[in-house]
Amino acid sequence: MEKQSQSKKPRRRLGDSRFIVTDHQFLRCADLILPWLDPRELAAVSLTCKALSFICRSITLRRSLDAARSLENLPVPFLNTVDSKRYAEDFVYTPFQIPATSPPPPRQWWGSAGDDSSVLDSVNGRGRFGVSLVDDKSGELYGCECERCEEGCCQCLALSEGTEEIANECGSGCGCGSDCPNRVTQKGISVRLKIVRDEKKGWCLYADQLIKKGHYICEYAGELLTTAEARRRQNIYDKLRSTQQSFSSALLVIREHLPSGQACLRINIDATRIGNVARFINHSCDGGNLSTVLLRSSGALLPRLCFFAARDIVAGEELSFSYGDVRLALGKGTDKKLNCSCGSSCCFGTLPCENT
Ligand SMILES: C[S@@+](CC[C@H](N)C(=O)[O-])C[C@H]1O[C@@H](n2cnc3c(N)ncnc32)[C@H](O)[C@@H]1O
């Protein structure tokens, strides 16, 4: 009798709650695969059984706790009291500039209970310097040759004197190491930030602590595009915006000017599909509370756009900057015009917009 009852032991099914806590192999397998899925796929999987629904819910929770996917020094959580979106869905995180990828963007592992450090490998190779100018074979250096830079005394800094919008840092072309004090923006985000949902502006980047004036916040990371590709994508984004109210693009065009006023360098950074926390910074007509600096690191081919606190910023304040001064003339390109909700006393009513 006893033997018989043992052989009739019920088979465990996926939906059985005991399965969740007892079958480690199943959990490990799900934890390896499900973090690769996008939100729509995750939602579909969660409908299949209780166990998978439980795992999908915990992945969604972990995603909402860190937009940076463990790729920054500090987690950057999403907060939403406006609608049901738990996190910004359609983007892949990169802490650095990367060359343009052809669509669709690569998948990114996000929301696992395990160690996420392996995802760092995909970006570590290139590092914060972007495309390097250092000749690996000859070891020729394009930066300073000092063994150790003192803050404010480095030859690299001397190049930037006289202008606040352009600066230089030591980099892979310098003789100094990663602990050099003249590498402030290469150490990643060091202040607490959060991403808050707003009814009118969508997601917004907020300070989650006091940030003192002059403190480095983050760079604008994304895909580096040729101008032709930037124009092609801008056309697509304009069309998407006219059909999908919630769609917002994050294609930034930076023009570096010669003293004559002529543009000498144009950089197109698209953070719409692949970007970092800076893609959540909204526009403010009064210039906002961030200053932007075009920063060159020795050994890097292109400068990076870096954000610093323009004044003391208190915890719970939205971070913003001016997207530009150019607005479409009255009556022109009405379909491209976006209403501005910056709330400043000098608000123009529409967001800056120019033909890319
Ligand atoms: C770089 S994204 C900023 C993040 C964006 N709010 C989001 O939800 O992803 C730029 C887009 O944000 C929105 N945005 C930025 N500043 C705004 C403002 N002052 N008022 C209204 N919408 C704004 C516009 O849709 C714009 O195309």
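**Entry 1: domains.** I looked up the division of the protein and found domain 1 (1-65) and domain 2 (66-336), with bounds that come from an automatic or database domain assignment. The contact takes eleven residues from domain 1 and 14 residues from domain 2; two residues are in contact if their C-beta atoms, placed from the backbone, lie within 7 Å. On the side of domain 1 that touches domain 2, helix H5 (residues 50-65) gives the most, with seven residues. Helices (H or I, at least four residues) and strands (E, at least two) are DSSP runs, numbered from the N terminus.

**Entry 2: basis.** I note that this is a predicted model, in which local features need pLDDT of at least 70, side-chain atom pairs count only at pLDDT 80 or more, and totals for chains, interfaces and linings use all residues. Residues are numbered from 1 along each chain as its sequence is written.

**Entry 3: ligand.** I found that 16 residues surround the ligand, each with its C-beta atom, placed from the backbone, within 6 Å of it. The closest are Gly202, Trp203, Ser248, Ala250 and Asn282. Strand S6 (202-207) and strand S11 (282-283) are the elements that give two or more residues to this shell.

**Entry 4: Phe91.** I located Phe91 in the loop between strand S1 (78-79) and strand S2 (92-93). Is Phe91 buried or exposed? I record Phe91 as partly exposed because 19 other C-beta atoms lie within 10 Å; 20 or more would make a residue buried, and 12 or fewer exposed, with C-beta atoms placed from the backbone. Leaving aside neighbours within four places in sequence, Phe91 is in contact with Arg273, Ile274, Gly275 and Arg279.
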